[in-house]
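Visitor: Please take a close look at one part of this model for me: a place where two helices pack together. Then carry on from there to the pockets.

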Amino acid sequence: MEVYLYPVHQALIAFPITAILFTMPYMFINYRKYGSVLILRSIIWFSFILYLQCAYYLVILPLPDPAAVADSTGPFMQLVPFHFVSEFLRGTSFDLSDLSTLLPALKETVVLQPFFNLFLTLPFGVYLAYYFQAKWKKELLLSLLLSVFFEVTQLTGLYGFYARPYRLLDVDDLMLNTLGGMAGYFLSRYFTFFLPSREDMDKRAYKKGGQVS
């Protein structure tokens, strides 16, 4: 789990700087549009920014030694769909006849990596559907484009910083990231059970903006 916790930790450290850069434009746009700034809307927006930063850091970190990457001769693309299924069947220690092997198997890379790729874009799907009110076709497209952006980042060696890719471009990642975004789309409907809808937030913001403090 350390490989996943380290990027998140680095994103949390860098987030205050990102938040400062976004605060003034965010407040300006909200006052121009609504005449007020809602605390809940601010929490949603800045948590969305934090999520995107965490997701990006998870894709690029940890950064390897450039010399080691330049000397690498391994493959940098995996273009066989559902390759993760064969990897799981070949690499897992899970034995259907022995259920005690289930918990140890859930901690193995062949299980964690597909789950991570699915979960990586699930919050993206929730934000798009709940706050930005994206329909399923737009959700599907944007989730795919986000995944393509991540894979291009890896394929270009962090936009040319490295002599060659230091992580594998995997077609399974594209599928799982897109599926994760769509899973978030369907889960988003449950958020209105304990959070106000976008329409309710807009009404409250306009009402607050019409009152002189």
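Guide: In this predicted model, helices α7 and α10 pack at an angle of about 45 degrees. An angle from 35 to 65 degrees is neither roughly parallel nor roughly perpendicular, so the pair counts as oblique. The crossing is right-handed. From α7, the contact takes L122, G125, V126 and A129. From α10, it takes G180, G181, A183, G184, Y185 and L187. By class, that makes six nonpolar and four polar residues, with no charged residue in the contact. The helix axes lie 6 Å apart. Helix α7 covers residues 122-130, and α10 covers residues 171-187.

Helix α10 also leads to the pockets. It is one of the elements that supply at least two residues each to the lining of the largest pocket. The others are α1 (2-33), α2 (39-60), α6 (109-120) and α8 (136-155). Of these, α6 gives the most, with six residues. The volume of this pocket is about 470 Å³. Its lining has 22 residues. Nearest its centre lie Y4, Q113, F116, N117 and R167. The lining is mixed in class: twelve residues are nonpolar, five are polar and five are charged.

Now the second largest pocket. Its volume is about 390 Å³, and 16 residues line it. V8, L58, F116, F119 and L120 lie nearest its centre. F116 is thus named for both pockets: it is among the residues nearest the centre of the largest and among those nearest the centre of the second largest. Two or more lining residues come from each of α1, α2 and α6. Here α2 gives the most, with six residues. The class count is 15 nonpolar and one polar, with no charged residue.

Two backbone details remain. Follow α2 into the loop between α2 and α3 (66-71), and you find P62. A cis peptide bond joins L61 to P62, with omega at about 0 degrees. The other detail is L158, in helix α9 (residues 157-160). Its phi is near 60 degrees, a positive value in a residue other than glycine.

Back to the starting point, then: α7 and α10 cross in a right-handed sense, and the contact between them has no charged residues. The lining of the second largest pocket likewise has no charged residues, while the lining of the largest pocket has five.

Technical notes
Residues numbered from 1 in each chain as written. Predicted model: local features only at pLDDT ≥ 70, side-chain atom pairs only at ≥ 80, totals over all residues. Heavy atoms only, no water. Axes fitted to C-alpha atoms, helices over the stretch in contact; angles between N-to-C directions. Helix = DSSP H or I, 4+ residues; strand = E, 2+ residues; numbered from the N terminus. Parallel < 35°, antiparallel > 145°, perpendicular 65-115°, else oblique. Left-handed = near helix turned anticlockwise from the far one by under 90°. Contact = heavy atoms within 4.5 Å. Nonpolar A, V, L, I, M, F, W, Y, C, P; charged D, E, K, R; others polar. 1 Å grid on protein atoms, 1.4 Å probe; cavity = no way out; pocket = protein on both sides within 12 Å on 5 of 7 lines; lining within 4 Å. Points joined across faces, edges and corners; volume = space filled by probe spheres on them.
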